[in-house]
Amino acid sequence: MSQNKSIFEKSIAANRNLLALIMVSLTIIAIAIIAIFYYNSAGKNQTEVSEKIFNALLPMFATWVGTILAFYFGRENFEAATQRYDQIITKMTPELLDDVFAEQIMIDKKTMVSISISEANKKSVKQLLEFMDNVSKSRLPILNNDKVVGIVHKSTFLAAIQKDPSVEINFPDFLIDYKNTINTFLEVEKSIKLENIREKLKANSNVKDVFVVDENKNILGWLTDTLILQYIRK
């Protein structure tokens with residue numbers, strides 16, 4: 001059963017690659033044919049018609065090729081980064097992390113870029129994305145007073161917009177579909193060691209953010225998976 005499944009999966013991948021190759025090849029051929037037709041057109045009217053056809057179809061062909069390239073290269077980069085992250089997290093040794101406490105390397109709440117839930121509820125997803133771009137951040141913690149409501153990654157906002165770019169999504173509506181996604185984080189005490197955080201991340205592969213809180217669950221700081229990896233590499 002497992003052998004048949006493996007062959008089936010390989011067939012799907014092969015067909016997908018073949019489809020991408022056909023689409024790119026046909027696009028190049030179509031552009032070449034239209035270009036030849038355009039430059040060989042005789043007469044003013046025919047030239048104008050050819051130019052309109054060329055101007056109308058060229059952006060469409062470019063979009064096809066761009067979509068294919070973005071899908072393949074984006075997917076490969078994401079998978080490679082995920083695999084690398086999992087490998088590093090798994091290979092971290094207790095000796096390396098056992099003497100380091102969360103409060104020693106966390107991003108302090110005073111220096112965190114975050115937004116309150118009340119303020120977020122007044123904005124659209126596009127406005128929040130613009131805010132993240134302006135402050136050059138790819139993650140945005142959502143707080144209610146000093147408690148963590150969630151953490152939104154830029155990729156999640158983009159995924160919501162791409163469902164229907166013509167619709168202006170406000171943050172409350174965004175929460176309806178992505179509440180579970182933004183709740184993917186851990187809360188730990190400041191006295192916890194990095195080794196213990198490593199164990200928690202291994203057990204929760206979807207978690208990329210760890211918030212350090214006090215006994216009342218008020219936020220003290222923030223640890224991202226990227227920050228942890230940067231610390232390990234020093």
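Val188 of β5 has Val212 of β6 as its bridge partner; strands here are DSSP runs of E with at least two residues, helices are runs of H or I with at least four, and both are numbered from the N terminus. The model is predicted, with local features needing pLDDT of at least 70 and side-chain atom pairs counting only at pLDDT 80 or more, while totals for chains, interfaces and linings use all residues. Residues are numbered from 1 along each chain as its sequence is written, and side-chain values use heavy atoms, leaving out hydrogens and water.

**Around β6**

Strand β5 (residues 186–189) runs parallel to β6, joined by four bridges; two strands pair if DSSP finds at least two bridges between them. Put helix α9 (residues 194–203) together with β5 and β6 and you get a right-handed β-α-β unit. Right-handed means that, with the strands pointing away from the viewer, the path from the first strand over the helix to the second runs clockwise.

On to β7: five bridges join β6 to β7, and this pair is antiparallel. Val210 has Leu223 in β7 as its bridge partner.

How covered is β6? Five of its five residues are buried, where buried means under 20% relative accessible area, exposed over 50% and partly exposed in between (1.4 Å probe, protein chains only). Asp209, Phe211 and Val213 sit on one side and Val210 and Val212 on the other, so both faces are covered, with every one of these residues buried.

**Two positive phi values**

Two loop residues other than glycine take a positive phi, as the table shows.

| Residue | Phi | Loop | Relative accessibility |
|---|---|---|---|
| Asn145 | near 60° | between β3 (139–144) and β4 (147–153) | 70%, exposed |
| Lys217 | near 70° | between β6 (209–213) and β7 (219–224) | 44%, partly exposed |

Lys217 belongs to the hairpin of β6 and β7, which has five residues between the strands. Why does Lys217 count as partly exposed? Because its relative accessibility is 44%.

**A nonpolar patch**

Elsewhere, Leu18, Leu21, Ile22, Leu26, Ile29 and Ile33 make a nonpolar surface patch of about 580 Å². Leu26, one of these, is in helix α1 (residues 2–39). Patch residues have over 30% relative accessible area and no salt bridge, with nonpolar side chains (Val, Leu, Ile, Met, Phe, Trp, Tyr) joined within 5 Å and like charges within 9 Å. A salt bridge is a side-chain nitrogen of Lys or Arg within 4 Å of a carboxyl oxygen of Asp or Glu. Accessible areas come from the Shrake-Rupley method with a 1.4 Å probe, and for residues only the protein chains shown count as cover.
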